[in-house]
Amino acid sequence: MQIFLDTANIEEISKGIAGGCVSGVTTNPTIISRENKSLQQCIGDISALSPDLTVLVEAVSSETKEMVKEARQLSKLAKDIIVKIPMTPHGLAAVRILSGENIRTTVTLVFSCNQAIAASCAGADYVAPFVGRLDDINADGLSLIKSIKKIFVTQNARTKIISASIRTPQSVAELFAAGSDIVTMPGNILQAMYKHPLTDAGLQKFAEDWRKVPKEL
Ligand code: G3P
């Protein structure tokens with residue numbers, strides 16, 4: 001079970017890493033465009049924060065040959081890179097080639113079981129279903145994760161699930177319970193995960209009571 005952050009913002013990632021439970025970062029062209037830096041600069045800055053961080057970077061080419069070339073370059077940007085490849089026939093052909101070169105891939109923009117099956121059969125290490133975007137159009141993102149998990153377990157597929165496009169902290173637990181291997185989320189959702197009013201109240205009471213204990217030093 002792993003928590004990733006779905007951002008390229010250095011402050012957000014630093015805060016997340018400091019919290020102790022983040023082991024990776026996912027990006028896409030939209031996320032990179034928010035930072036006013038080149039892709040190379042963004043990935044360099046992120047991986048400089050922690051050498052152990054897994055970083056997902058997306059290929060933007062549309063043809064197989066160019067995607068493969070781009071993925072080879074992207075895979076060298078940091079120590080632990082996974083290349084995101086869009087869910088298209090050209091993308092899956094690229095995934096097949098890259099899996100033969102030991103370049104790890106995540107097939108992204110997955111919205112159905114059949115897309116996840118095709119990605120897995122092409123050799124994808126991960127699929128990234130966009131849960132929130134399904135919920136946005138009144139579909140059921142959580143059900144999709146449950147179904148993909150069932151298929152992957154039944155078929156003994158090695159492909160793992162990264163649930164993405166997270167809208168609420170509550171959905172994180174539901175997605176892990178449904179079998180997500182990774183959930184990637186914005187920084188505000190991660191911060192909300194830590195919070196519980198009973199934890200705050202309990203801490204306050206402990207602090208008050210501790211002040212009543214006679215101290216030897
Ligand atoms: O990782 C995919 C994610 O960035 C998409 O999120 O909020 O744009 O649907 P969102």
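Author: A residue counts as buried when its relative accessible area is under 20%. The model discussed here is predicted, and strand S4 is a good place to apply the term.

Reader: What makes S4 largely enclosed by the rest of the structure?

Author: Strand S4 covers residues 81–86, and 6 of its 6 residues are buried, so the strand is largely enclosed by the rest of the structure. The burial holds on both faces: Ile81, Val83 and Ile85 point one way, Ile82, Lys84 and Pro86 point the other way, and all are buried.

Reader: How do you know that S3 and S4 pair, and in which sense do they run?

Author: Pairing requires at least two bridges between the strands. S3 (residues 54–58) and S4 are joined by 4 bridges and run parallel. Within this pair, valine 57 stands opposite valine 83 of S4. On the S2 side, S3 is joined to S2 (residues 22–26) by 3 bridges, again in the parallel sense. There, glycine 24 has threonine 54 of S3 as its bridge partner.

Reader: Why do S6 and S7 count as a pair, and which residues are bridge partners?

Author: S6 (residues 126–129) and S7 are joined by 2 bridges, and at least two are needed, so they count as a pair. Their pairing is parallel. Valine 127 has isoleucine 161 in S7 as its bridge partner. S7 is also joined to S8 (residues 182–185) by 2 bridges, and these strands run parallel. Isoleucine 162 has isoleucine 182 in S8 as its partner.

Reader: What do the strands close into, and in what order?

Author: 8 strands close into a barrel in the order S1-S2-S3-S4-S5-S6-S7-S8, with parallel pairing. From one strand to the next, the twist averages 25°.

Reader: How does H6 run relative to S5?

Author: H6 (residues 113–122) lies across S5 (105–110) and S6, and its angle to S5 is about 165°. An angle over 145 degrees counts as roughly antiparallel, so H6 is roughly antiparallel to S5.

Reader: Which strands does H8 lie across, and at what angle does it run to S7?

Author: H8 lies across S5, S6 and S7, and runs at about 170° to S7. That value is also over 145 degrees, so H8 and S7 are roughly antiparallel.

Reader: Why are H1 and H3 called roughly parallel?

Author: H1 (residues 10–18) and H3 (residues 39–49) pack at an angle of about 20°, with axes 10 Å apart. Angles under 35 degrees count as roughly parallel, and H1 and H3 are therefore roughly parallel to each other. Their crossing is right-handed. H1 contributes Ile10, Ile13, Ser14 and Ile17 to the contact, and H3 contributes Asp45, Ile46 and Leu49. By class, these are 5 nonpolar, 1 polar and 1 charged residues.

Reader: What makes H4 and H5 oblique?

Author: The axes of H4 (residues 64–74) and H5 (residues 89–100) come within 8 Å and cross at roughly 45°. That angle is neither under 35 degrees nor over 145, and is outside 65 to 115, so the class left is oblique. H4 and H5 are therefore oblique to each other. This crossing, too, is right-handed. From H4 the contact uses Thr64, Met67, Val68, Ala71 and Arg72, and from H5 His90, Gly91, Ala93, Ala94, Ile97 and Leu98. The classes are 7 nonpolar, 3 polar and 1 charged.

Reader: Where is asparagine 138, and why is it called exposed?

Author: Asparagine 138 is in the loop between H7 (131–136) and H8 (141–154). Its relative accessibility is 74%, and the cut-off for exposed is over 50%, so the term applies. Asparagine 138 also has a positive phi of about 70°, although it is not a glycine.

Reader: How do you know that asparagine 156 is exposed?

Author: Its relative accessible area is 70%, so asparagine 156 is exposed. The residue lies in the loop between H8 and S7 (160–163). Asparagine 156 is not a glycine, yet has a positive phi of about 55°.

Reader: Is lysine 195 buried or exposed?

Author: Lysine 195 is exposed, because its relative accessible area is 64%, which is over the 50% cut-off. Lysine 195 sits in the loop between H10 (187–194) and H11 (197–212). Its C-alpha atom is 40 Å from that of serine 99, with 96 residues separating the two along the chain.

Definitions and conventions:
Residues numbered from 1 in each chain as written. Predicted model: local features only at pLDDT ≥ 70, side-chain atom pairs only at ≥ 80, totals over all residues. Heavy atoms only, no water. Axes fitted to C-alpha atoms, helices over the stretch in contact; angles between N-to-C directions. Left-handed = near helix turned anticlockwise from the far one by under 90°. Contact = heavy atoms within 4.5 Å. Nonpolar A, V, L, I, M, F, W, Y, C, P; charged D, E, K, R; others polar. Buried < 20%, exposed > 50% of the residue type's maximum accessible area, 1.4 Å probe, protein only.
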